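Visitor: I am new to this structure. Please take me through one part of it closely, and then show me what lies around that part.

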Amino acid sequence: MSAPAIETAGLTKFYGETRGIEDLDLRVERGEVFGFLGPNGAGKTTTIRLLLDLIRPTRGSAAIAGLDTHRQSVEARRLTGYLPGELKPPARSTAIGFLSYLGQLRGGVDRRAIGGLADRLELDLERRIGDLSKGNKQKVGLVAAFMHDPDLLILDEPTSGLDPLRQRDVLELIRERAAAGCTVFLSSHELDQVEHVAGRVGIVRDGRLVAVEAIATLKERALRRVEVRLAAPAAGAERLREVPGVRDVTLADDVVRLDVEGPMDALVKELARLPVQTLTSEAPELDEIFRSYYGRSHAD
Amino acid sequence: MPTEVLIETLRDGRRSLLWWTTGLVALVALNVAFYPSVRDDPALSDYAKDLPESVRALFAGGELDLASPVGYLNSQVFALMAPLLLLIFSIGAGAGAVAGEEERGTLDLLLAHPLQRREYVIQRFLALATLVFVLVLALLATVALGSWLVDLEIGFGKLVAASVSAGLLALLFGAIALAVGAISPGRTRAIAVAAALALMAWVFDGLGQAIAALESWRPLAPYYHALGQNPLREGASWEGWAILALATAVFVTVAAVGLERRDVRQ
């Protein structure tokens, strides 16, 4: 049996007294798209930089495709495409000059692969990197990560700094590579950036992995915030408090606000009795998902 | 041995090298061009004789007779100006190779590629050595051509010896700057440490010439092995060159091991 794409055992990194990540046990299977979620400063970037051997663990170990990320780091990095969270390519080079150099470090990359990716992302390769906008610099990094068709993509906040349209392109690119068998490990502090591409997510907080769940499960358990505007104040609104999964109901004249956990079926059926004018339902913030998840797993 | 980093560094450095070469050639040519007027004006030469020995040791290579070809060229080019320019270039490039790239944020991405850190360090050093070599060639060509034009009679071999000595000295301190930046982050500190050591070596050797009690300690300072034994008069000191090259190799090794062992900053 082949080794998993990523496997860490007790992976720990302290910066002096400060905890980067502690006792991380993670297993990402080949061909999987794994979202690594957590608020800023939770330890996502630390974990990624440990995987690339840019920093060394205080204790514990990690492997990429069975290759130890420190002792066999060159082999491990050969299989990997990496997009740093904060990309700072050299201002003086042109995009194509810099990408060719990075390609050389990998023993040469097909120029057509670079051209194809640049076309898709609408990146002008002849421009000096110093003259590019933040979003275009990010595209240079994305091309660098994808151009050699790696087995494993490690992407630190790949959609940050891009406008929504371009974000969709990037997610589409990730989906394509995944469909072709590439393993993708991507970090984000927003669930909605990964929920359409990732199969599973790990949630990390304060340097600890607190949950690993299938996206579907996570969303099922997650709270959604619902706001209902009624055509007229209705006495029946009080009954919403009794609906399974519904909590924190507030009634103000013709506006009802509530949180609902899990399937919304019962709520919708109850609402059907009311003169509903508008209905809005917000995707929960990652932090709320985390809180609800954390609360549940302790109550379980 | 992979050469991608070496080639990219040379490509990236060619514009700056052009400016450095232009400046070095201009300064050296200007100094050499004044030889006839100094030779024909004994007052200028006498002025040097009245200087304290320690000052003469530091700024004129210990030369008494500035009107003589060796005395002139040593005092005007090889005692201070040429090694200083080469040192500034080399220390700057050495500090930039690891610490500078790290501060600019590019080292992180480069080392995430399938590239051994020690290979990176060695290729960067080879690029530095190549650039310094080009500057040494420019220096040599300028003094050789200039000397011929103003009848400054010094054998070509002696000019080679002095130019190479200055280059090796610069390379050593470039390697020190590289090592300091590789062991711990910080470009400014890498420059400061290497520059301070170069200054100390220079002062130490000057004092060693002037103060008898320090004379036997002179070989401790790298400056002695490069220019302290007057290569312009005495020719190449193979032993001195070997010592400089060995010390340089030690610092490049320290740099490679140092970078292998530490965390890279983002």
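**Two helices and their surroundings**

Guide: In this predicted model, H6(B) and H8(B) pack at an angle of about 160°, and their axes lie 10 Å apart. An angle over 145° counts as roughly antiparallel, so H6(B) and H8(B) are roughly antiparallel to each other. Their crossing is right-handed.

Now look at who meets whom. From H6(B) come Ala82(B), Leu86(B), Phe89(B), Ser90(B), Ala93(B), Gly94(B), Ala97(B) and Val98(B). Facing them in H8(B) are Val121(B), Arg124(B), Leu128(B), Leu131(B), Val132(B), Leu135(B) and Leu139(B). By class, this contact holds 12 nonpolar residues, 2 polar and 1 charged. The spacing in such lists has a general background. An α-helix has 3.6 residues a turn, so residues three or four places apart point the same way.

Stay with H6(B) for a moment. The helix covers residues 81-104 of chain B. It has a kink of about 55°, centred on Ala97(B). Ala97(B) is also one of the residues that meet H8(B). Most of H6(B) is covered, with 18 of its 24 residues buried. After the helix comes Gly105(B). The phi of Gly105(B) is positive, near 90°.

Next, follow H8(B) to another partner. H8(B) covers residues 117-149 of chain B, and it also packs with H1(B), residues 4-33. Here the angle is about 25°, and the axes are 9 Å apart. Under 35° counts as roughly parallel, so H1(B) and H8(B) are roughly parallel to each other. This crossing is right-handed. The contact of H1(B) with H8(B) has 20 nonpolar residues, 8 polar and 1 charged.

H1(B) leads on to the other chain. Where chain B touches chain A, the contact takes 16 residues from chain B and 19 from chain A. On the chain B side, the elements that give two or more residues are H1 and H7, a helix at 106-111. H7(B) gives the most, with 4 residues. By class, this side of chain B has 6 nonpolar, 5 polar and 5 charged residues.

Now cross over to chain A. Chain A has 10 helices and 14 strands. Its C-alpha atoms fill a box of roughly 70 × 45 × 40 Å along the principal axes. Of its 300 residues, 39% count as buried. Take the contacts in chain A with a separation of 6 or more: residues 24 or more positions apart account for 69% of them.

One residue of chain A makes a good last stop. Leu230(A) is found in strand E11(A), residues 223-230. It has 19 C-beta neighbours inside 10 Å, and a residue needs 20 or more to be buried, so Leu230(A) counts as partly exposed. Leaving aside residues up to four places away in sequence, Leu230(A) touches Ala237(A), Asp254(A), Val256(A), Leu274(A), Pro275(A), Val276(A) and Gln277(A). For a view along the chain, pick out Ser160(A), 70 residues from Leu230(A). The C-alpha atoms of the two are separated by 38 Å.

Terms used. Residues are numbered from 1 along each chain as its sequence is written. Chains are lettered from A and ligands numbered from 1 in the order in which they are written. This is a predicted model: local features need pLDDT of at least 70, side-chain atom pairs count only at pLDDT 80 or more; totals for chains, interfaces and linings use all residues. Axes are lines fitted to C-alpha atoms, for helices over the stretch in contact, and angles run from 0 to 180 degrees between N-to-C directions. Angles under 35 degrees count as roughly parallel, over 145 as roughly antiparallel, 65 to 115 as roughly perpendicular and the rest as oblique. A crossing is left-handed if the near helix is turned anticlockwise from the far one by less than a right angle, and right-handed if clockwise. Ala, Val, Leu, Ile, Met, Phe, Trp, Tyr, Cys and Pro count as nonpolar, Asp, Glu, Lys and Arg as charged, and the others, Gly among them, as polar. Two residues are in contact if their C-beta atoms, placed from the backbone, lie within 7 Å. A residue is buried if 20 or more other C-beta atoms lie within 10 Å of its own, exposed if 12 or fewer, and partly exposed in between; C-beta atoms are placed from the backbone. The bend at a residue is the angle between axes fitted to the seven residues ending there and the seven starting there.
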